[in-house]
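Biologist: Could you walk me through this model? I would like to see how its parts are held against one another.

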Amino acid sequence: MVKSTRHAKYELYYHIVFVPKHRCSHLTGKTKERLEAIFAEICEDKGLELAESEVMPDHVHLFIGSPPKNAPSLIVNWVKGISARKYNQRYDDRVKWTRSYYVGTAESASKGAVEQYIAEQEGGDE
């Protein structure tokens, strides 16, 4: 859906993928539920649209809509940095993310395809 600011019309979505520092980590069960809630909280606080999220056992997929004022690298830094800090403050187990990530843009015509791909990942590599 096309959105607006005072001076722009936009439809920007980013497919973001990142992994925990220890690839043997299992982002499942309560950890998965907690992270999904934290990602939603961050997006709401930052004025982003969390269109889809999927926390896999060894990586995270997020599909986030953003106004053009936010650089993709800033969005990734917010999501990774704030999620680790909030999770580690709230819970006894720890989450750390690697410094690397993938981010790709999705034109509006392919938004549905990306959302479908992320939704299909649930249970795919368990």
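**Salt bridges and a helix pair**

Modeller: Happy to! Keep in mind that this is a predicted model. A good place to start is a pair of residues, K32 and E54, which are both buried.

Biologist: How far apart are the closest N and O atoms of K32 and E54?

Modeller: These two residues come from distant parts of the chain, with K32 in helix α1 and E54 in strand β4, 22 residues apart. They form a salt bridge, which needs a nitrogen and an oxygen within 4 Å. For K32 and E54, the closest N and O atoms are separated by 3.1 Å.

Biologist: How many residues apart in sequence are the parts that R34 and D93 tie together?

Modeller: R34 forms a salt bridge with D93, and their closest N and O atoms are 3.7 Å apart. R34 sits in helix α1, while D93 is in the loop between α2 and β6, so the pair joins parts whose separation in sequence is 59 residues.

Biologist: Is R34 buried or exposed, or something in between?

Modeller: Buried means under 20% relative accessible area and exposed means over 50%. R34 has a relative accessible area of 23%, so it is partly exposed.

Biologist: And K86, is that buried or exposed?

Modeller: K86 belongs to helix α2 and pairs with E41 of helix α1, 45 residues away. The closest N and O atoms of this salt bridge are 2.5 Å apart. Its partner E41 is partly exposed, at 25%. K86 has a relative accessibility of 17%, so it counts as buried.

Biologist: Which residues are linked with E41 and K86 in a network of salt bridges?

Modeller: The structure holds 6 salt bridges. Some residues are joined in a network, where E41 and K86 are linked with D45 and R90.

Biologist: Now the two helices. Why is α1 called oblique to α2?

Modeller: Two packed helices are described by the angle between their axes and the distance between the axes. Here α1 (residues 29-46) and α2 (residues 72-90) have axes 9 Å apart and pack at an angle of about 125°. That angle makes the arrangement of α1 to α2 oblique.

Biologist: How many nonpolar, polar and charged residues make up the contact of α1 with α2?

Modeller: From α1 the contact includes L35, I38 and F39, and from α2 it includes W78, V79 and I82. Charged residues take part too, among them E41 and K86. Sorted by type, the residues of this contact are 8 nonpolar, 2 polar and 6 charged.

Conventions:
Residues numbered from 1 in each chain as written. Predicted model: local features only at pLDDT ≥ 70, side-chain atom pairs only at ≥ 80, totals over all residues. Heavy atoms only, no water. Axes fitted to C-alpha atoms, helices over the stretch in contact; angles between N-to-C directions. Helix = DSSP H or I, 4+ residues; strand = E, 2+ residues; numbered from the N terminus. Parallel < 35°, antiparallel > 145°, perpendicular 65-115°, else oblique. Contact = heavy atoms within 4.5 Å. Nonpolar A, V, L, I, M, F, W, Y, C, P; charged D, E, K, R; others polar. Salt bridge = Lys/Arg side-chain N within 4 Å of Asp/Glu carboxyl O. Buried < 20%, exposed > 50% of the residue type's maximum accessible area, 1.4 Å probe, protein only.
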